Structures are given as C-alpha cells and as structure tokens.
Amino acid sequence: MLYSFPNTYLIILYISISKALYITSLNYIRLIKYSFLLLPRINLNKMYPQRSTKFLLQLLFSFLFFQLQAQEKESMKIQFHLVDDFKKDLPNVSIQISNDSINNFNLTNEQGKATFQLNKGHYQVQFFHVAYTGKKIQLEVIINQEIEIALQQENNTLEEVIITATEGKDLSTKSIINRKAMEHLQPSSFADLMELLPGGLAKSPNLTNPNKVLIREFGTESNQYNTSSMGVQFVMDGQILNSDVDMLTAVNNTQTIGNGNIRVAQKLENNNQGVDMRTIPTNDIESVEVIRGIPTVSYGDLTSGLILIHRKSGQTNWQGRIKTDGFSKSYYLGKGFSINPTWDINTSIDYLNAQSDPRDLYENYHRVAASIRSKKTYNHGINKLIWKSNLDYNINLDNSKVDPDSGYDKTDYFKNNRQKISLSNNLEYIFTDNNLFKNIKLTTNIRQGIENIDQRIFVQHNGPTSVSITTEEGVNDGYFPEISFLSYTRTEGRPIDINTKLETNLQFNTHFIQHNIEAGLDFKYGHNYGRGEMFDPLKPPSTSSSLRPRSYKDIPANQNLALFVGDKLQAKINNHDLNLYGGMRVSKMLGLEESYALSKKVFVEPRLIFQWGLPEITIGKHALKTDITMGYGELFKQPTAIMLYPDKIYKDFIQLSYYHNNPDLRYVNYMTYIDDVTNKDLLAAKNIKKEIRFDFSYAKHEWFITYFDENMANGFRNDTYFLSHSYRRYDASNIIDPTEKPSIDNLPYEERTELLSRSQHANGSGTHKKGIEFGYYSPRFSTLNTKFTLTGAWFKVDYTNTIPVHEKPNRSQNGQSIPYVGIYKNDVGYLQSGLNYNFIVDTYLPSLDMNISTSFQGVLFKDEERANREAAPTHYYGTDGMIQPFLDSDRNDPYKRWLVRDVSATDNMSKHYNFDMRVNLKITKRIYREVRASLFVDKLVTYYSPYTFNGNKVYRKDQSDPYFGMELTYNF
Amino acid sequence: MNKKLLVFSFALFSLSTTFTSCSSDDSIVNNQNQESILTVNLHGKEIKSIHEMDIRFLETNTGKETQLKMQSLSQEFKLPKGSYKIIADGKVILGGGEEMQAGANSSIDLINDTHNISIELFVKSFNEDFIIEEVFFTGVTTLEGKAYVSSKYFKLTNNTDKVLSTGGLLICQSEFITTNNNHVTPEIKESDFTVKAILMIPHENAKNIEPGDFIVIADMAANHKQPNIPAYDLSGADYEYPNLDNPKLGDVDNPSVPNAKVIYSTLNYNMFLMHNRGAESYALARFPQEITIQSWLAGYTYTYEYTNATGNVTTKTAKTIPNAWIIDGINSSPIEGWEHNALGTSIDNGWTGVGVLSSDPNRFGKSARRKVIGTMENGRNLYKDTNNSTEDFHRDAEPSLKNGINHS
C-alpha cells in the first residue's frame, strides 16, 4: 500500500505526458508531411544501399509520412514475412513498395516482419538485404494478407555457413579462411587458424612463446631449420609484416626466471624464424588466403608460402567480442563508418591478456592492436581511383617476474616490449573501359618498430670472479668485479621497414588467347636505428664474462629491389579451359659492400603454372567438373640483417689469475680474441616448388588432391667450426712474500692452445618437403542440415644438413680439452613422414540459429627417422688446423678415440607411430538478437594407440588436458 | 646415545662396586694384605661392551708380567702390591653394534688393599689411507635467495695411525647419478667405478698429513664470506681447483694454494663441477705404482648402453677406475628420488647425502659428514668407516668449515 500512491501518481503522469506528446507529434507530423511533399521524389533504386544518417532520416520520414497517409484513407493491411532458405526470420530487410502515386519503405523487425497499409491496387515490391539476393515482385492488393518471401544468400560462399577453410581453385594452391570459419574456430591469434590447413591439427594456444608458422611440414625441435617458417611472407592489406631488420636480442639470453628455471629471454627470441603469429589478432580479418603453392611473381622474398590477410572494409555495426579460455582473455571493439557512399572508415581496438599458466600471474603476455583504415573511392569519369590508407598500432608485451611470495631472485624481471606503428597508403587506379590497362596500383607502407627488452638481474657470480672489458684484441688487464650486484640491461631496437610496390595489370587478346599481364617494381628497405644491447661493462648481466655492448645503428640498411612481369594466358578451346601463367621475378640486394657475395648476385625466379579445365562430363543428373593444375616455381628468401652482420664474438683467456689473500696484490691478465663471424659468402635460400593439383566437383561435392615437392637445399644454418687460439699461462707460484702486484714480464709461462668453436650463418640446412594434400567438402545435406569435410595431408619432410658438420668431443684429459675436431657427414637429421587427418561434421540448426561442429583429427601414422648418423668422423683436425683422414688406428688413440661419437643401435632406427585421434567440439549460437555465444572444447576425447619400437610396446597418452573456452560477440 | 651409555656405565660401575665390597668382606679372612684388589674400569667414547680384551699388568720393579682376560668393562683383579703398567688390547662393541679394535695404556701403584682405576680405551683405526670425511656439494644461498655455486669442498682425513702423503690422491666423481637408474648393460660396478671426472693431487704438491689430521680441497681457496653470502672462508684450503681454462667462468686462482689437477672430465675446459643436489657418488683412489695418467687414459674405457621406456637405446663410452684402486667411497642422494648406488657394495653398501626432496630448497648450506667414532691417541677424532655410508655419515649436517678451517 505504501507504494501504491506513487505508482498511481506515476501512471497518471505518464498518461498525461504521452497524451501531450501525442498531440504535439501529430502536429509535428503534419508539418513534416507538408514539408516532405515539397522535397523532390527520391530515386530509391539508385540509392546507395548503405545506411547513412541521411538515408535513415529519409527512411524515418517516409515511414512517418506513410503512417499519416494510412490514417487518412481506408486501406488494406499487408504483412511481409521475410525468411531465408532455412526458414529463419530475416530482420533488417528493406522493403520498397511503389506504384505511380506512392513510394514507401519499411524494414523488417526481429521476427522478419514488416507491415504496410495500402490502398487497393497494383504495386511493385522490392526487397533488399546486404547479404541476400534482392527480389522484385508484383503485388495486387485486394484484401488483408500476409506474404512470406524467402531470400537467398548472396553468393555461393555465403550460400551456407562454411566453418572450415575452403580450397581455392585458382592457379596458386591456397586455403581460404573466411570470417564465419574464424568465428566458429574462436581463435586467440592467427596461430589458431593454421589448424584449418590440410594436415593442420588443433593445438592448445601457447601465447607466452613466439608462434612460428609451419606450412606443409611437421617442424622439428632443432632451430637449424627455421628458414621454412622465415620464408613465409605475411601480407596484410598490402603491408608486408615480415621484417629483416628486427634483431632484438636480450643481452643475457640465458636469464632464468622463477623456480622452473625457464630461460625466458631465449624462448622469446624470434629472430630469423619469421612472423610471430600470436601478434596478429584475427577479429578485424574478413578473410585469409594461405598460398601453400606457387604465388605469382608479384610476391617475392619468400620461400615456403604467402599469407594474404584481408581486413574488413566498409560500413558495419559496432561489433564487440569477449573471449575467455584457460590461458587468455581477449576483448575487441570495432566499427565501420560510412562517411559517404565513396568513403568508409573502419576502426577497431583489440586487447589480449594471456598467461603461461592460469595460476601463474608472473609470466604474461599482453597484446593491443588498434587500427584506423580508410577507403576512399574517387570517380574519374568512368574510371576509379581507390585510396586505402591504414594506420595501425600494435603493442606486444611479454613480462616475466618472480612471484615475490614463493620465488627466489626477487629482484629479477624480464620485459619484452615490442610496439609497431605502421602507415600504409595504397592507391589503385582502375580502368573500367576496355583499356589495355586494367589498373595501376601503388602500395606503400612504412612501419616503425619501437622495441625494448629490459632485464633486471641480480647477478651472483659463481664466486670471486675476474672479467675483461676490452673491446680490442690483445693482451689486457682484467678486473675483479663485485660478486653480487644488480645489473640493468636494455636492448633497444628501432627497426624501420619501408615497402613500396608499383604494379599494373594489363589485358589484351591475341587471336583466341586472352593475356592478363602483371608487371611491376618492388622495393624493400629496412634499417634498425636502435642503440642495441646496452649495459654497464663492469656490471654485466651474466656470470659469463664474454659480453660486450652492441649498437644496431651501425648495421647498414637492408635493401632489396625486384622487378617482375608475368602473363596469364587464357583460352577456351572446345570446352577446354586452358590457363597458362608464366612469370619472372628478378631481384637484387642493394647497398652491400663488394666483399659480400650477395652484392654481385642477381636472383632470377621463374614461375610457371598451367591449368587445364576439362570439359564437363555428365554422370547421372549432374556434371563432373575437373581441373588439373601443374606448377613450377623458384623462390628466394634473402638473409636478414642479423645474418649478414652478426655480432662480434669476444673470447677472453686468463693468462694470469693472482687472487692473493691480500686484496691489494690481486691481479688478472687476459688475452682477448675478437672473432668476426660474418660469412661474406652467404646467399639467399632457394626453394624449388613443383606441384600438381586435381580439383573435382560433382553435384556440390568438391574434392581436391595436390601432390607437391619442395626442395630447399641451402636454408640458413648456424655452421660451427673450430679455430685455434693461443695464449700464455703464467706461473706465479714462485713469488714468495710479494709486496706488489705481479708483472707478467718476469714470470715463467706455458704456451697453451685451445680450439674454440666459431659459429656463423651459412647456407647449409636442407629441407625437402614432399606430400599429398587432399580435401573433400560435401554440400550441406538438407535432411540433416549437416556438412562433412575431410581434409588431410601426407607429408614427407627431410631436414638434413647439406654441408659437413664439425664437432669437438666434450671431454678433457690430462689437464686439457681434447685437442681434435671431427668432421662428420651427418648431423642429427630429421626424416619424417606421416599422414594427418581432420574430419569435421558440422550441423547448422536454423531453428536455433546454431552451428555445432565436431572435428575428429589426428595422425593416421607417422614415421620418424634420424639421418643416418655415423659414429666416426671422415676427417679430423687438431690445433694446427691440418685436416687429415680418420683412420681405424685412431680409434685406439687415448685422445682421438673420443672423436668417435656415441651412436646407439636405435639412433638410426625408424620409429612408427600408429593412429591417434582427438575430438574437438565447437558450438556457435545466436542467443539474443545480435548476441552470439560460442563455446569450444578441444581434446574432449583423445586416443593414442600404442606403438612398438625396438621390441617395446609404448602406450601413449596426451600430456595436455582438454582445453576449452567461450566467447560472446555483439553487434549493436 | 652418550647419555644412555653414561647411565649404562654408571649402572655397571655401581653394580661392580657393590660386588667388590661383597668380595672385600670375604678377602679379609683369606688374604694377608700382600695383595691388592684392583678394579679396572674401562671406558671410551661410543664403547658399549667388550668382546674380548687382553689386559697385561707389568710390574716395573720385578719385570713380572701378568696376562689376564677381561670379560666386561669393569673387572676386579687380585695382584701383588707394586707399581704396574697396564696395557689393554682387544675388541670392543660400539654403540652401533660394530666390533672394533681398541686399546689403552695406564699405570698405577698398588699400595692399599683396594684400588680403582678408570682407563680410557682408544678405538684403533682399521683404515690404511685417507677417508672422505666430508663432502660439501650444495653451496649456499645468498641473502637475496640466489644460489652461490662456489665454496664447495672435499675434506679428506688421515684416519690411520701413520703419516700419509697426499701426492697422487684421486678424487673421482661418478658418471651415473644416483637418482636415475637406467639399468645399464653391462653392469660393472662391483668391479669398476665409472667416472665422470677425476681430480688428482699432483705428486709435486704432496703434503704429509699426521694421523687424524685432514686436508681441504676447495673449488676456490678464497674467503667466500660476504655480507650477503653466508659462505665460508676457504682461503686456508690445502688444494683448490679453480677453472681458469673456460673463458666464460672467470674463476680466480689463489697463488698460495697449490692446485689439484683435473686429469679427466667429460666436460670441456677441465671443468669439475659437483652436482648441487649431491645425486652422485665420490670415490677416493690412488693409481697403483705401475699406472700413470697416460697409461690409465690409454685403457680403462667402458662402453655401456641402456634402453628407455620407449625403446630408445643410448650408447656411451666412459672411463673407469677399478674398485681395487679405491681407498674410500660414498654414495650420495637426496632421500626422495634415490634409485641406485653408483659405487659397488664392497666400497659403500649404503648411501648418504643432503636433502629430502629431490630438489630440496633446504639443501643449501648442508653437507654429508662422517660420524666420529672415538678419539685417537693423539686426541684427534677417529671416524667411523664400516663401508656403509648410511651408518657412517650424518645427513644434512652442518658443514665443518662453516667457521673457517681450523686444524687444532
């Protein structure tokens, strides 16, 4: 009763206000009506489909006008109910209804319904929706009625919800991943998309480590075979994401953090292994093309693959996404604005926060990506100029510190802060008349990295220690640093990458052949202006004393100029579709000193692809369409700046250590050698790709099968050999009761020679990939609403050294390290072959607007073998550097016997893994209007069949637990 | 233990005195006071009872010697009055049940009718050479919580009754770790010890060590104690093995302390690094006369292999020291994680070590120390050595050099 009075009061108030408003609005509407009638009739057919503010206003006005009119005349009620193929209500369909006297608009509501009051008569009705094919009907209004109209989705790709990658049918073998597939996959970063490639398997995200890309291979634990991932180029809206001058290296890359003694700096080092995929968010991506095969000559400085990322452009609602799983949380907000029909601006911000372990708050990764993208179209007569301008900002922050409550080394931290600001301006002039030139395109991108690694290390020397801090070769006096101190280091990288590409496409016919020519010029420039690795030499961040600061500024810029021309010839002869693409790319590194072999070398990359579309063969009710595509391509990846200009290596030998009990008498003397490990003979890595692909389609069933052979014999490798270093070891034991520091001039000494390793970049890693990729895509069977997809790949990948390896036994005898180095034919190589499969059953339930997919994926079999490693070396050398053959008699020499490596009976035995399976479940559902919820559980069920090796039956189980997460997306 | 023994000895003592007083009553009747009744009470650190003991009484005036046997620690003897030297020699049972040689010397003038004498027994050593008294392999943690790797040491003691030379002593580290048993084939530990590294005390830097005295072989003979590092002052060590050869280590060399030589290591640059959890075995050895470093390097190799759970075979070649050359050895392991001993049972039938957990955060600043079994005649400690380090060593002991090196 207490509340009844105010409630009643409120109701009365509400009614009176409403009444007043109603009367006011009636007058207002009347006013609008008359002013509106004065406006010229709008030709709505030509109206730009996107809803600008003006458009909305007009829509509102015309709606009001209609309402008013309806009140004044007797009329029929016509209700339209718009649905799609699956009988799902379609909101936001604009309906235009017109005849000679009226022209009305309405939008369907959430139930897909829109109502009109119409006089009896004949009308034309048009239905329009951005994602559906429009419809036009004639309507005779006689009585009140409800009309159901079904609209079909715009094109084949949208005809049904595709939640897997699709296989491109162009000349270049590629996987296409669209927005829907990404939404269903619920990725945290680009790395998660790789599951969708043939042979790809779902992996639990690992966001606190760099994620390198693997295409058509299994990968190895060795870091000697990274050229494959380094040779995958990422291009986002024309901007190349790879950088050859990014050389950020922690001063102390052996820093360990926490009780697990994780070498954080080392594991986060990402030099020479390509783009770190975790840094690329996926929310803004409209589609991705992963070119596994041979790209056209327009793209270069890559060996293994090309990933083209296309981001959203054009007007969109506000879109929000919140994702959470066991390791990360991510948030996204984006919107596309249409300023006017020729100018769109898209903007977005994306944030991700990940931990290595949900319980570990001290090792984490943050990613912020913000972008503003503008697309402006200028009409120039009938031709168009499209100007796309993108401004991107990206921060990637890795933090590691120790839990102050439970950990040791409370002072230590490691911060890896990588920021990139990038500005792209892409101008494309499109000739729409039958000009010879189809377009001219200028792509420019400048990207500035602001990258810092900061380390704070409480350095605890092993005991009393001496160091040399000289930066010049020769004899020098060292220092006894403090045993414990705080060391601060900073590595400052300021890489700037400028990429420009000018290209044009031409089209003309000769006889029955159509030529499509692409030609252009590509220039890449990269320079690092960072101050590099910095620390106080007397307080080095490591107990190993051979560190010296290094500046990146002094490293010359990397410049790569390329010219390319290619022609795609198309002809149709008697129902045979023939396409032949031939292209050539010529590139050269510029600005190198003449002593570099690269400075004189011009790289020529021919690429040839032939596609033959066979005539359709009718079998039963449908036609079988077959395409055969064959390709050959040569591709080069140039070495990075850090490979061409490696840091000098300092080698400090103690000649006299005199750590007297009296601190005033202490003295240490060093001989320092500086090794310049530059390999001036380093060349670009070359990959030769050959492939043949068959595409079949029959009654909406699609198949493809690709055989490929890719051989890269001269991938980059850290090649190690050994050099003798001589120094003196002074003997101060005869000094009795000294009164001053000893001087080496008067002391007896012994000459010592030590063979020390020297590691330089060389073209010595072979990666030979062969395989068969296959896929089958069924249509969505209407009875089950279910679609089946089977993709997979058999890969045979050999990772081997292509130059002999030098190894020195790890052993000391009689007071000296073994003074011999063996030369061996084989290093540990990895010969792998196996078949991965991924079978996806996805069901779309239109009544619930829900997608459920289950993927059954795993390894059908896998064989792993090491390169045949022989125990004994073929040759050896001692401190004199003379190479001699290794004889059987050397096996009995007390020193040379250790050159025979330990090779066991199983080291060269192949291992055969049997079948395994992981079942992943993913669900996406619209839960309320524009809110979609998704859920995934990876490894819901796993099975690993036992395998037998060397007579042992090995039972396996997956180490990782099921991994799950969920997300919400909003459109508002 | 000591308290128990004390109570026990006291009980025995009181028992025997009661008994003596009874017999005294009897003797009044029989003796003509020419003889004296001497109650001999033997005692000694850790000695529980007598197994067999000869006792000789030498009358210094007449030169007459009386040889008798003792059955218990306290016994009564009827002897003519006079001046006697008493020599006891025999076997005793220690608190831990071990049987040891023991002896004692004393003298007494028998002038009254009854006398009591308490004689301290000294356990006689049975070692022929040095023993490992202590291994400090864990290092310490600094006040900041960081591991301080240096100030590790071996402490070797002359547990014999003769002067020994340190020249040619070999300190051997096991190839195999005790917390992982790969079940290698062939298994040779009952005849040979597979080594990872050997430190040798060069003959030219030999020292003579008195019975009961010890030597310290430190990684660096320096004062490791710092305001933030609770490590020890090892500047008075007898030998050190700093690594000057590895350009990255930057160890320092004390000119007043001779260096031990790494004659073998499976690491480059002559590195000899102790396992900081102590999951390995150490042996003390000497080459026989005819063996030199070079001749040992020429032979004594051992190729072994093992298969892991997934069927992978590992083959390795290593160096060995025959067990016959070993003069002492200990197996060491944290309690959790012990899988096997790297030394044969004839060298060490047990295992000692530091720490409970396999990577025990509390292990730092603790060592494995041999138990003291008694006192030598020169007053120095005599250490227990039953070739079973479980019995012979204290786990998690306080390092003996915590307050520096003190030979007194």
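**Aromatic pairs, a strand and a cavity**

Both A:Tyr820 and A:Tyr876 turn out to be buried. That is how things look in this structure, which is a predicted model. The two tyrosines also form an aromatic pair of the edge-to-face kind, with 5.6 Å from centre to centre and 80 degrees between the planes. A:Tyr820 lies in the loop between β41 (816-817) and β42 (821-824) of chain A, while A:Tyr876 is in strand β45 (residues 875-877) of chain A, so the pair ties together parts that are 56 residues apart in sequence.

A:Tyr837 and A:Phe915 make a stacked pair instead, with centres 6.1 Å apart and just 5 degrees between the planes. Here A:Tyr837 belongs to strand β43 (residues 830-845) of chain A and A:Phe915 to the loop between β47 (911-913) and β48 (916-928) of chain A, so parts 78 residues apart in sequence are tied together by this pair. A:Tyr837 is buried because its relative accessible area is 11%, under 20%. A:Phe915 has a relative accessible area of 28%, so it counts as partly exposed. Over all chains, the count of aromatic pairs comes to 46.

Aromatic residues from both chains also turn up in one cluster, made of A:Trp898, B:Tyr264, B:Phe287, B:Trp296, B:Tyr300 and B:Trp325. B:Trp296 has a charged partner too: B:Lys319 lies over its face, at 4.7 Å from the ring centre. In chain A, the charged end of A:Lys376 sits over the ring of A:Tyr378, 5.3 Å from the ring's centre.

Next comes a strand. In a regular strand the side chains alternate between the two faces of the sheet. Strand β4 (residues 113-118) of chain A shows this alternation: A:Ala114, A:Phe116 and A:Leu118 point to one face and are buried, whereas A:Lys113, A:Thr115 and A:Gln117 point to the other and are not buried. Strand β1 (residues 76-83) of chain A runs antiparallel to β4(A), and 6 bridges join the two. Opposite A:Gln117 in β4(A) stands A:Lys77.

Finally, there are the cavities. The structure holds 11 of 30 Å³ or more, and the largest has a volume of about 740 Å³. A total of 44 residues line this largest cavity, with A:Leu241, A:Val275, A:Asp276, A:Thr279 and A:Lys420 lying nearest its centre. Its lining divides into 12 nonpolar, 18 polar and 14 charged residues. Several strands of chain A each supply at least two lining residues, including β18 (343-355), β19 (363-380) and β22 (437-460). The largest share of the lining, 5 residues, comes from β20(A).

Terms used
Residues numbered from 1 in each chain as written. Chains lettered and ligands numbered in written order. Predicted model: local features only at pLDDT ≥ 70, side-chain atom pairs only at ≥ 80, totals over all residues. Heavy atoms only, no water. 1 Å grid on protein atoms, 1.4 Å probe; cavity = no way out; pocket = protein on both sides within 12 Å on 5 of 7 lines; lining within 4 Å. Points joined across faces, edges and corners; volume = space filled by probe spheres on them. Helix = DSSP H or I, 4+ residues; strand = E, 2+ residues; numbered from the N terminus. Nonpolar A, V, L, I, M, F, W, Y, C, P; charged D, E, K, R; others polar. Buried < 20%, exposed > 50% of the residue type's maximum accessible area, 1.4 Å probe, protein only. Pairing = 2+ DSSP bridges. Phe/Tyr/Trp six-rings, centres within 6.5 Å; stacked < 30°, edge-to-face > 60°. Lys NZ or Arg CZ within 6 Å of the ring centre and 35° of its normal.
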